[in-house]
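I opened the model to look up its strand pairing, one helix and the nonpolar cores. My entries follow.

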Amino acid sequence: ILPCKLALINVGGDCYTFPWSTLEEFPLTRLGQLCHCSSPDDIAQLCDDYDEARREFFFDRSSMAFRVILNFLAAGKLRLLRQVCAVSLSDELNYWGIDPVHMERCCRRKLLSRVEEVGEKKRNEEERRQKRLALQSPLAQEKGYIWLMSRQLQEIVENPHSGWLGKIFACFSVVMIAVTVISLCISTMPDHDNRGKCSEKCRNIFIVETVCVAWFSMEFLLRFLQAQRKLQFVRNPLNIIDVIAILPYYISLVVDSEDESEEAELNGSAGRGYLDKLGLILRVMRALRILYVMRLARHSLGLQTLGLTIQRSMREFGLLLLFLCVAVALFSPLVHLAEKEFTKNKPTGPHSFSSIPASYWWAIISMTTVGYGDMVPHSIPGQVVAFSSILSGILIMAFPATSIFHVFSRSYHELKREHEMICKEERAATLDAKEDAQRVLERHSFS
């Protein structure tokens, strides 16, 4: 049925002609399967229309995306064009039967990352749609006022934009976080009234900490009880941070009680060593209270943007760390050799270039333009190496900065649009749920 040597393909109104022999090299693709068609029915299963007079195959697909496919069939190179949407190209590749493995590595990484972002956004939209349907379902309406109050409590705890109660709840959580951080800072200040016993300041800090931990525990339990998917709730990174920040308080209460009982029983150097280790563990656990600061990411769009930027820019941060490690490994031996050979008669101190590992610290703080000044090269060759390392550090730090900035800007605008859309949808869903609940209550009152 295909006697011509040239294939005439019409994609979205644009016609393309190329030899059938080219398609025989890709038998698994949709176009390659046309070579083996023996009847019009076989052709109809692969294309949208077929003109027998002109022997023209018509495909109702994107002509711009097909140019990428055509370039792959002709030259064997699959690249992502700037004017082609990555998600649309992914759909086109699936339609034409071409594996993205043939794409260049940089283009494939960009394509897959964009497809994953869109897929995650669709899943979030589907979850919000299911939530709205649950609010508007007849079963939910029959549950009436109590069920509606439960849903409103979940919105207040989870979403600061759900109303004035949600904003008050979020503001109070932020205030409690600030109080916790301030009390942690005050607890590290020297207490002159402490003579081996808990002073008035110690008791006040303990009361403040107890109130804050009680609030955080109540908030965590409310959110856990209102969560529909408990396993997904536990796997959330922010919820894991909450658990790590809350648990040390309760563990410290148990350890303090055991410490008092065992202090009277243990005597000697072995007992003091055990108590020292126990006290170190207790201080480390109390220092973990600083993780409460991470809870601000629930209420701050900027911190959410920062976390999303770090997640999307892991490759850039990896390259930055690689460049820095290579440069440090290069300049540390050079400055050590220069200072060792040209400053032999000068006395050496604890902050001298006594070895290559000791020079690593100097190279790191110099290349990151921190410059504490604790280690300074005195010889002319050492200063030349220092100048080179500082200049290289500035260039290395600037290389991935542009890419990270663009990722940050794009992530911020995406999250801002998503938050605005969520607020509009949730307000509409809440109003609809209130109206439905009101109608249900009116029907019950009439009945």
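I looked first at strand E3 (residues 49-51), which runs antiparallel to E4 and is joined to E4 by three bridges. I took helices (H or I, at least four residues) and strands (E, at least two) as DSSP runs, numbered from the N terminus, and two strands as paired if DSSP finds at least two bridges between them. Tyr50 has Phe57 in E4 as its bridge partner. Four residues separate E3 and E4 in a hairpin, and Arg55 in the turn has a positive phi of about 55 degrees.

This is a predicted model: I used local features at pLDDT of at least 70 and side-chain atom pairs at pLDDT 80 or more, while totals for chains, interfaces and linings use all residues. Residues are numbered from 1 along each chain as its sequence is written, and side-chain values use heavy atoms, without hydrogens and water.

I then followed E4 (residues 56-59) to E1 (residues 6-11): the two pair in the parallel sense over four bridges. Val11 stands opposite Phe59 in E4.

Next I looked up the largest nonpolar core (buried Ala, Val, Leu, Ile, Met, Phe, Trp, Tyr and Cys residues joined through side-chain atoms within 4.5 Å; buried means under 20% relative accessible area, 1.4 Å probe, protein chains only). The core has 35 residues, and Ile9, Phe57 and Phe59 are among those with the most contacts inside it. H4 gives the largest share, six residues.

I noted a further core, apart from this one, of 15 residues, including Val213 and Phe216. Both residues are also among the buried residues of H9.

Definitions and conventions:
Buried means under 20% relative accessible area, exposed over 50%, partly exposed in between (1.4 Å probe, protein chains only).
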